[in-house]
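Got the viewer open? Let's take a short walk through the model, one selection at a time.

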Amino acid sequence: MTDNANKSDKDKLATVTIYIDDKPYQVSTENNLLAGVLSNKLDLPYFCWHPSMGSVGACRQCAVTQYHDENDQRGRMVMACMTPVVDGMRIGLQDQASATFREQVIAAMMTNHPHDCPVCAEGGECHLQDMTVMTGHTSRQYPGEKRTFTNQYLGELVGHEMNRCITCYRCVRFYKDYAGGKDFDVYGSRNQVYFGRQKDGILQSPFSGNLVEVCPTGVFTNKPFSAHYTRKWDLQSSPSVCSFCSVGCNTSIGERYGSIRRVMNRYNHDLNGYFLCDRGRFGLGTVNLSKRIKAIKGLGDSNDLLLNTHFSQQNFTKKLTPVLGEQFIGIGSASASFESNRLLKYVVGKENFSLGYSNNEMQLALRHKQLLVQYPQQSLAGMENLSRRGHGELAHDLVLIIGEDLEQTAPRLALSVKQILNNAAVDKADSIGVKHWQDSAVRTYAAGTMTPLFSLQAKPTNFDELALTSLVLSPDDIVLQLQRLIKLLDAELNSAKTNEVVFSINERLREIEGKVDGVHDKNGSEKDKSDEVNIHDNDLALIAKALVVAKAPLLVTGLSLKSAPLLKAVDNLMACLSQQSHGNAPELTVVAPQCNSVGNLHFFSEQMLSVEQILKRLTTNESLAQLTGEEHRTSLLVLEQDLAQYDEETINSLTQHCRRMIVLSSRGSRLTEVADIVLPVADSSEGEGHYVNYQGRLQAFYPAYLPNKPVLPSWQYLQLLAKCLFKRNEIEFTSMRQLHQYFAKHGEPWALQILTCETGKSLPQQIARQTHRASGRTATMANQSVHEQQTFNDAQANLDGMYRYSMEGKSYNSPSYTSTDAPSLAMPFSWSPAWNSNQSILKHQSQVNGELLHRQQDNFLHLTVCSYFDDNERVQQIKLAMLWPTTEEGKQATKSKAADDSISEQLVNKNSSNEPEVDIVSKESDEQQSDSRPLNSLSLVQNLPWYLVSEQSKLLPEFILMYTGNTFTISSTVAKTFGGLARDIFKVNIASSTYFGSLVIDESLPDNIMLVSIFELSFDVNNVDVALENITKANDIEETRFTHTEKQRVDSANQEKSQVLAKLKQQDQTIPISFYEQGEKAKGKYKGDHCD
Amino acid sequence: MTDNSWLKSALTHALTKPLTHLVNLEKPLNFADYCDAGGYVGAAKALTTHSPQEVLTIVNDAKLKGRGGAGFPTAMKWSCVPSLQKNSVPGDSYLICNGDEMEPGTFKDRHLLEGVPHQLIEAMIIASYTIGANKAFIFLRGEYHLAAKRLQQAIDEAYQNNWLGSNIQGTNFNVDLHLHASAGRYICGEETALINALEGKRATPRAKPPFPQVSGLFGKPTVVNNVETLSNLPHILKHGSDWFKALSPDSDAGTKLYAACGQVKNPGVWELPMGVSIRELLYHHAGGMPDGVTLKGLLPGGASTDFLTAEHLDTPMDFDSIAKAGSRLGTGGLIVLGDQHCPVAMVLNLLQFFAQESCGWCTPCRDGTPWAVTLLTRIEQGQGSEDDLQQLQQLCDFMWLGKTHCALAPGAVEPLKSAMRYFKADFEQHLTLGCCPYKHPPNADESAILTAESVPTVTPEELAND
């Protein structure tokens, strides 16, 4: 009866009272008994259960005794993870029978687990260790021998030590079932169960690193971390935010002796939950590389101690004097923090500010902003429906991915979309009373039932085989097909309205299933390509039909194809879906290009300069200077920006025409090579600030350690420059907090928001970045001094900061943090008494999978489309085209024909007068050819593997070693016209540079697409046309050179890997003393301590 | 083909030994002869004169219990299939015949599979009709090559004669029957592991609920029945449920295939009324113990049942009576242990089998059974200690029902636990002597050892002694 009552009252969380060891507890019926026990912060050991992967009942560790009623003394043993919560149920945790059994389970696992904790990388944060202690298993009874396994080589990222396996099956459940990986499985039987690959080789999944966290013991280890290892308790950690894509996963960065050691997942209920992608987990290793810039360039020589080793502000300012009084254009970056960009804009003035976007990217950015303003973006948890399930809200029942390879550009989001595809299975299982947490039962009953997925992509993706329909089309064709889809949808909606058809879920599925057979037939006949449009029409009709009946469709798109028309078409599709009256609630997710792209949309205004405009301004000013003889030339101030998407020519003209180029960068790039002055800035792991994720969520990241000067966070350099170059003496921040206060005082709402969300001031004490167990503080420097090390403390910055570089400070587990009114601060690392592993997060959640107890308030950036563009579509387009005319304009104008004719006219006029470099006329003639035209150019679509998508991750040797080499992929028809065979080496001219790669032939690829995977080509170069004459077979010499380059890349990666390791190990021996020698002040203190 | 006189005499047993009266191990009846001998009458009756619901009622009235070992009422199992509950569209469920007979000491199904394959096919038509299955599978033990050959022949004949396929005998009922030869794992006898194996997945038992009747093969409602259980159906349909119950008036309904092996003069398999006493089975049908050997203990229903001893000889071999005596009827196949063989070695041999066949899913079974093997080996080799015995006791508790994912480990515990109770002295003797008393009797001379080892019957425990 209680059950029914709860069902009818879906709005509030259904909790019931159960009795654990005769004490009453409130437990949610949404999850199993184990989750209920853990949510009440009681200790019950477990292995095979995982909060987000559900139960399978393999390990038998979470056994409890269930009693029939209060008189039942004996009870029967049940596995808590497999038991639903029922009102009034009575269970025992402390009773002898279940306690003994739990200890026996550990004892049984230990029959084969080696006693290698002292040399195991998991030691000290091992869930198995914790559980062993928890059950009280202390001495070994088993007299036999242990079984042994052979380990596998799983690539450069994940280590394998199978002897430690306790056979909980979590790894394979994560890798295969949860993340959809195909190259990892379970083999063998009895007590010889083996988890690994069929044979040695690199794990292919972009989520393989999660095995390290999913494994309850040390079978899977973080290889780079193990190579330069330190115990968890010796790490100094900070709460950070991943900077490798726009999702903004929360991470915990661990540091020791001045080097970043590892990245761990930091639980965030809304975003990453328990999992990270490998780019985020391993990519940060680039901070330790030799390409890292650590000295000032262009302000005196590298031996200048006062500029480098003993960096002082005065000296720095003095050296900058020659630059004084110059005019500057500031180029910000979507990978720099929100604050740094804001400060740069403030310093140079809004009419001198750019984001390093091209004209096309500016248009794209505006479209992006408009979408964000119109359609609120869901969090990953919102998409996965974690918070909504069972609360009367609809789960997504259809997914349509448009023109974005999610696994490549936002892997963590792709993982969430994979979970959404499970919604139909969960619902189906629910109909026979199988709950969502009964993982294996859900999968069994669903028998492959999936939420319908459709995809319109410019390249084959891993989602294709999960999709009912997946079309691979050139980016332009995607736009065309979307327009057709909207028409079909309109027709479909109108007919649905008149017929008043009400579809049930079953009807819908049956219909869609019926349609699928049809689609397969069509795929078969797709080969002849004679009537391409018709073929797609059938697919589109299916999509339209499905969209009409779907109650809560999710559309996912992104900016990686660099196509503003695509975003516009998506906007139209959303508008079409939203206006219908049958209660359908479509939602849209837009993948932004970089970690702070959305943050920079905040600055978007009509004054913002594109790179083309910068060039124009530079040349105009230069000619002005030549005319008048006065110095009118403009200088460039470039913030953490490498302009990698531009060809050599653009970069050269930028450097030639500017008076001076100052680049703030943490790593070497083309720009740092040509820049006049390079200032070394902190990496995201060493800096502080906020990134704004794809939703517009402002998320703070904090440094794990302070780098040695002259490496400074970019905002600090900017404020130094502001003072001495721009004479902005009002800018005097010594901490990020003061920066926020400054902007808040000037009425900027985002800064106010940040200050309200932060509660640092109200803290009784700052939070410690080190664990209370951080060991050897006095011993680590004994080779240099036997005196107690001064706490690593950048005095001023730390006063305002919320975290201390010390073990001294508030611990996260102190009572003030477990109370409900505790201040909300991100945790540097997760730990709880008796829970040393990452599973300790349970103790910090309101309930299993719930919000963190001391969660930070959500902080969203408020975006509005700037009033200049606040017009109807046509006027807006004219304005856009006037400001930032692009080659796309021409295409669009001809394609949408009459309606936009006037615009295109104006465009041509504007262009001919203002922007002679954009050759719209020739473009038009290209596009006017019909679909059956003989090809004379191919659309270039990026096909780089997920780990190389960011410029920074391209530097990581481990990733380079995973790379299989440069390739061009084309259809067999096109290959024939070249006489190209698979594996031939080809030479392709892309944007005036020549690239080499081997040819791959893909039968299923449309003829007008060329997929490129070229290490040297920036991922930002996407969806550009490559003329056929620019594609030629390489001659013998070029072939040899190419092979050599490919080999050299691997060789130097190997070399770099070992050199970095050697260097860091060396650094471990010396770094502590260098902490003392940071500048005069620190040195003085050191002397004051009576050391000799 | 058939020797008329054989068939004639066989048919005289039609009403007393329904399951086996047509068994011909040399050359099983082909389709025509099987029909002549009264075959497919039951199926015809079911399909033409009864609704599925009526067949269910008949089987329910017959009180047929599953012969695979658990003794669960067949009709009750079927009635959980949704199509039988709600009159929904038939055809959306599966029938599987569990022919993965791998229980040590059990060979009754083989007798039927090799001897009268058409009987099983007929039975599966009836069962499929009842539960509304249009696809049926025989999951056959991989080693049963001869059975596979004969079954396939029979299936082909049944297709040719429109007893399988579509529109069977003009009744609009369709069923396709597939024979699947297993890759050979003991755990495939567990119905959900069997289903997983049939789906091409790892043969790991599934968590229950949901039960296969609700979510079975490929997530569809599925009934898994033992060969012997199914084989009763044509006869129940033909002769009625009252006849079936009357076959064994004092016990569970029907006849049962009983078998005996180990230390008996005449090992074999016999169809007898349910509830025959152990004594009658052992001394009358199996010819009793070999000369000079006295009964030490026996496993009444395959390897995964508790030992019974001489004091239980008069227990009727039916589900309840054997349970009352502290064991399980299981498959009804006796494994008899004489006083000249070491019970520790026998249990060790069994545990080695179970440890080998554990699927590796849950901890108690995966790591508990090899642990027990280690301890038993030590004891058998004379290196055991009192602690080991105690540890063994604890392991029995550790692997007991309710603590494991399926019944394999509790099944392994049954002979071990009961052996430690009934043959405690033997275990202790191993400890005190520091060796196995059966291999090295206390005052051993060469000849004594030779006698002990020259017992002609090949028994599992001897293999273990090697």
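Start by selecting chain B: 62% of its 466 residues count as buried. Keep in mind that you're looking at a predicted model.

Stay on chain B and switch on the cartoon. You'll be looking at 22 helices and eight strands. With a radius of gyration of 23 Å, close to the 23 Å that the globule rule gives for 466 residues, chain B is as compact as a globular protein of that length. Turn it around: the C-alpha trace spans about 75 × 50 × 40 Å along its principal axes.

Now show the surface of chain B. The accessible area comes to about 17,100 Å², and 52% of that belongs to carbon and sulfur atoms. Colour by charge if you like: the 36 positive and 49 negative charges have mean positions 6 Å apart.

Next, pick residues 108–115 of chain B, which form helix α7. This helix is mostly covered, with seven of its eight residues buried. Among them are B:H111, B:L112 and B:L113, along with B:K108 and B:D109.

Hop over to chain A and select residues 313–320, helix α9. Which residues are buried in this one? They are A:N315, A:F316 and A:L320. Look down the axis of α9(A): its buried residues fall within an arc of 135°, so they line one face of the helix. Turned away from that buried side is a face carrying the exposed residues A:Q314 and A:K318.

For the last stop, add residues 677–680 (β22) and 714–724 (α25) of chain A. Both are included in what covers the buried residues of α9(A).

Notes: Residues numbered from 1 in each chain as written. Chains lettered and ligands numbered in written order. Predicted model: local features only at pLDDT ≥ 70, side-chain atom pairs only at ≥ 80, totals over all residues. Heavy atoms only, no water. Buried < 20%, exposed > 50% of the residue type's maximum accessible area, 1.4 Å probe, protein only. Helix = DSSP H or I, 4+ residues; strand = E, 2+ residues; numbered from the N terminus. Arc of directions from axis to C-beta. Contact = heavy atoms within 4.5 Å. Rg over C-alpha atoms; globule rule 2.2 N^0.38 Å. Areas by Shrake-Rupley, 256 points an atom, 1.4 Å probe, with all protein chains shown as cover. Lys, Arg positive; Asp, Glu negative; His and termini not counted. Charge placed at Lys NZ, Arg CZ, Asp CG, Glu CD.
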